[in-house]
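Hi,

Here is the structure I promised to pass on. Have a look at it first, and my notes on what turned up are underneath.

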Amino acid sequence: MDEHDFEMDESELEVGPAPTEPEAPMITDDYQIRLADGWTEESFERGTYGSEDTPGVEARFTAAENTEIHIDPVEYEVVGRRRRIQGLEADFESRLHSDDVAAESNEAGGRVYEPCLFAVRAYYAPISSPEISTYTLTTDADDAIAAACWLSHATDPMSLGQAIERVIQAQSGDDPDHYGIDYPTDEERVEDVLVADPNRCFYSGKTTRSHLLRLPFRYAPLLEEYPENAEALPAVPPRVAGFEVAVSHTEWSERSLSEGALEAPMERVEGGVYQLPSHVAKQADGFPVEATGFSQG
């Protein structure tokens, strides 16, 4: 964020017009996730990637003004203050040295290594010079599909490139309008509403700590009070592993649940249209976000 002589909370300062609301919902009434109008799915391929043959997706979405969003399988490594993201199929490498990277390494107690994550990468030109930004890294490839589709709904009256730039800025807590407002990052917005110890049954709503299941991140907009960022899009942290929800032993037994019960992939209906499994989506729809936790997987 640019330096200023003072900082103000977003609640303390009236600014210009609110961000343009996306024209379509992030998840439709029939539980589909769709690319925004004007975007095209140029390629989409499921496969296995990395040294552990992780199932996933490679995809490329395009729009006007030389704007693209890619989903790329990547190798991820953090050592000390150095972070490396290496494409497993696409030929690219990204390196970063920073204190934030060192904090991730310290929290993990040393080297962080993921043989396969899925990077949502945006190619855009906010004014004249092109930019490439990694929007998020996901453990689950279908969460990357969802995040890419939501990013495609970015809007700005000036240009699509500026719209994407504003979302990238909002994600990191920067003020897209340069009023000097100290916004929370997307990660902080999500951390503020999740709990460390989920204890409300995903099915019955009763208090329980019997079992935990991973709920994929792609269901986030269905959760009650899930936060949006300053650009009116779902808050998307830079690293995404999904959520944890509690399930009572009674529901676990009666529904014959097992690990991974909520993790079925989306169905590709057609280019740019992806169907969430309705039996999971209906349960997630309206479930309180404050009854979920961060997945560690």
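Leaving aside its neighbours within four places in sequence, which residues is Arg81 in contact with? Before the answer, one caveat: this is a predicted model. With that said, the contacts of Arg81 beyond those neighbours are Leu96, His97, Ser98, Asp99, Val101 and Ala102. Arg81 itself sits in the loop between E4 and strand E5 (82–87). Its relative accessible area is 41%, so Arg81 is partly exposed. If you want a distance to check on screen, the C-alpha atoms of Arg81 and Thr134 are 18 Å apart, with the two positions 53 residues apart in sequence.

Now for the whole thing. The protein has six helices and 14 strands. Its radius of gyration is 19 Å, close to the 19 Å that the globule rule gives for 297 residues, so the protein is as compact as a globular protein of that length. The C-alpha trace spans about 60 × 45 × 45 Å along the principal axes. Of the 297 residues, 51% are buried. Counting contacts with a separation of 6 or more, 67% are between residues 24 or more positions apart.

On the surface and charge side, the protein exposes about 14,600 Å², and 42% of that comes from carbon and sulfur atoms. There are 21 positive and 61 negative side chains. The centres of those two sets lie 7 Å apart.

The helix I spent some time on is H3, residues 160–171. From first C-alpha to last, H3 reaches 17 Å over its 12 residues, close to the 16 Å expected at 1.5 Å a residue. How many of the 12 residues of H3 are buried? The count is 10, so you can call H3 mostly covered, given that buried means under 20% relative accessible area. Among the buried ones are Leu160, Ala163, Ile164, Val167 and Ile168, and the list also includes Arg166, Gln169 and Gln171. The cover over these buried residues includes strands E3 (54–63), E4 (67–79), E7 (112–124) and E8 (131–138), and also helices H2 (141–152) and H4 (186–193). Just after H3, Gly173 takes a positive phi of about 90 degrees.

Two other backbone spots may interest you, as each has a positive phi in a residue other than glycine. One is Asp53, with phi near 50 degrees, in the loop between strand E2 (40–49) and E3. The other is Ala232, at about 60 degrees, in the loop between strand E9 (211–215) and strand E10 (239–240). Are these two buried or exposed? Asp53 counts as exposed because its relative accessibility is 51% and the cut-off is over 50%. Ala232 is buried, with a relative accessible area of 8%.

Last one: Ser105, which is found in helix H1 (residues 99–108). Ser105 has 6% relative accessibility and therefore counts as buried. Setting aside neighbours within four places in sequence, Ser105 is in contact with Val78, Gly80, Gly110 and Arg111.

Cheers

Note on methods. Residues are numbered from 1 along each chain as its sequence is written. This is a predicted model: local features need pLDDT of at least 70, side-chain atom pairs count only at pLDDT 80 or more; totals for chains, interfaces and linings use all residues. Side-chain values use heavy atoms; hydrogens and water are left out. Helices (H or I, at least four residues) and strands (E, at least two) are DSSP runs, numbered from the N terminus. The radius of gyration is taken over C-alpha atoms; the globule rule is 2.2 Å times the number of residues to the power 0.38. Buried means under 20% relative accessible area, exposed over 50%, partly exposed in between (1.4 Å probe, protein chains only). Contact means heavy atoms within 4.5 Å. Accessible areas come from the Shrake-Rupley method with a 1.4 Å probe; for residues, only the protein chains shown count as cover. Lys and Arg count as positive and Asp and Glu as negative; His and the chain ends are not counted. The place of a charge is taken as NZ of Lys, CZ of Arg, CG of Asp or CD of Glu. The expected span of a helix is 1.5 Å times one less than its number of residues.
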